[in-house]
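The exercises below ask you to read helix packing, an interface and residue environments from a pair of chains. Each task is followed by a solution that goes step by step.

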Amino acid sequence: MTTAADLPAWLVIPVILFLLIGSLLTVVGALGLLRLPNFMQRIHGPAITITLGAGSILIASMLLFSGLESRPVVHELLITLFVFMTAPMAAMMIMRAAVYRNIRNRKKES
Amino acid sequence: MMMALDLTLYIAKASTVLAILFCSMRLLRGPTAQDRVLALDTLWICCMLLALLLGMRFGSNVYFELAMLIALTGFISTIALAKFLMRGELIE
């Protein structure tokens with residue numbers, strides 16, 4: 001097992017790039033969640049965080065651990081697969097609940 | 001090269017914590033209940049990313065399992081909360 005100090009440069013530069021892209025997109029998605037005006041617009045913000053931000057950071061982690069253990073490490077693909085499968089389902093459930101609640105509130109008012 | 005990696009990990013951790021702060025502000029402020037559930041879902045994902053970044057910082061494999069557990073529990077809690085918002089009860 002090599003230490004992080006003697007990793008080659010051609011491995012460290014892609015790790016740094018993926019980390020920067022991932023962290024920037026995470027912050028942008030959360031800022032969208034905070035700043036957008038209503039719920040149906042607000043649900044688009046976290047989609048960036050969940051897909052692109054988490055995906056970039058997971059790729060960076062995969063590359064770094066492959067370099068550290070000097071063999072291909074792919075077990076981060078488990079998290080990637082799980083998050084990419086479940087995020088649309090969770091978003092769909094929340095949206096459906098929001099639509100039903102809006103209809104119910106409108107009925108109660110009239 | 002090592003310093004650049006350390007600096008990038010610091011920046012990534014700081015921006016993930018910033019994202020957690022934004023999510024918790026929306027969680028406290030959100031006008032409706034579905035906003036709060038959405039903010040909680042994003043908060044779980046950001047915490048999973050923070051666990052992954054800590055694992056990269058310390059070079060340890062334990063944090064990977066922590067991130068996996070956080071992803072699993074976050075999904076189940078989000079589905080349960082959304083179902084509760086829709087029906088008003090969980091088990092019928």
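Axes are lines fitted to C-alpha atoms, for helices over the stretch in contact, and the angles between them run from 0 to 180 degrees between N-to-C directions. The model used throughout is predicted, and the predictor gives the complex an ipTM of 0.88 and a pTM of 0.89. For chain B the pLDDT averages 89, with 96% of the residues scoring at least 70.

**Exercise 1. A helix pair across the two chains**

Determine how the axes of helix 4 of chain A and helix 2 of chain B are related, and which residues make the contact.

Step 1. The two axes come within 10 Å and cross at roughly 170°.

Step 2. Angles over 145 degrees count as roughly antiparallel, and helix 4 of chain A and helix 2 of chain B are therefore roughly antiparallel to each other.

Step 3. Helix 4 of chain A contributes A:A90, A:I94, A:A97, A:A98 and A:R101, while helix 2 of chain B contributes B:Q34, B:V37, B:L38 and B:D41.

Step 4. Sorted by class, the residues of this contact are six nonpolar, one polar and two charged.

**Exercise 2. The interface as a whole**

Work out how many residues each chain gives to the contact between chains A and B, and which helix of chain A gives the most.

Step 1. The contact takes 43 residues from chain A and 42 residues from chain B.

Step 2. On the side of chain A that touches chain B, helix 1, helix 2 (39-42), helix 3 and helix 4 (76-109) each supply at least two residues.

Step 3. Of the helices of chain A, helix 1 gives the most to this side, with 15 residues.

Step 4. The class composition of the side of chain A that touches chain B is 33 nonpolar, seven polar and three charged residues.

**Exercise 3. Packing within each chain**

Describe the packing of helix 1 with helix 3 in chain A, and then that of helix 2 with helix 3 in chain B.

Step 1. In chain A, helix 1 (residues 9-35) and helix 3 (residues 45-69) pack at an angle of about 160°, and their axes are 8 Å apart. That angle makes helix 1 of chain A roughly antiparallel to helix 3 of chain A.

Step 2. The crossing of helix 1 and helix 3 of chain A is left-handed, and their contact has 18 nonpolar, nine polar and no charged residues.

Step 3. In chain B, the axes of helix 2 (residues 33-58) and helix 3 (residues 62-87) come within 8 Å and cross at roughly 175°, which makes helix 2 of chain B roughly antiparallel to helix 3 of chain B.

Step 4. Among the residues meeting here are B:W44 and B:M48 in helix 2 of chain B and B:F64 and B:I70 in helix 3 of chain B. The residues of this contact divide into 18 nonpolar, four polar and one charged.

**Exercise 4. Two residue environments**

Decide whether B:A19 is buried or exposed, and then which exposure class A:P14 falls into.

Step 1. B:A19 is found in helix 1 (residues 2-29) of chain B. A residue is buried if 20 or more other C-beta atoms lie within 10 Å of its own, so B:A19, with 30 such neighbours, counts as buried.

Step 2. Leaving aside neighbours within four places in sequence, B:A19 is in contact with A:T26, A:V27, A:A30, A:T49 and B:C46.

Step 3. A:P14 is found in helix 1 of chain A, and because A:P14 has 13 C-beta neighbours inside 10 Å, this residue counts as partly exposed.

Step 4. Although A:P14 and A:A60 are 46 residues apart in sequence, their C-alpha atoms are 7.5 Å apart in space.

Terms used
Residues numbered from 1 in each chain as written. Chains lettered and ligands numbered in written order. Predicted model: local features only at pLDDT ≥ 70, side-chain atom pairs only at ≥ 80, totals over all residues. Helix = DSSP H or I, 4+ residues; strand = E, 2+ residues; numbered from the N terminus. Parallel < 35°, antiparallel > 145°, perpendicular 65-115°, else oblique. Left-handed = near helix turned anticlockwise from the far one by under 90°. Nonpolar A, V, L, I, M, F, W, Y, C, P; charged D, E, K, R; others polar. Contact = placed C-beta atoms within 7 Å. pLDDT = per-residue confidence, 0-100. Buried ≥ 20, exposed ≤ 12 C-beta atoms within 10 Å, placed from the backbone.
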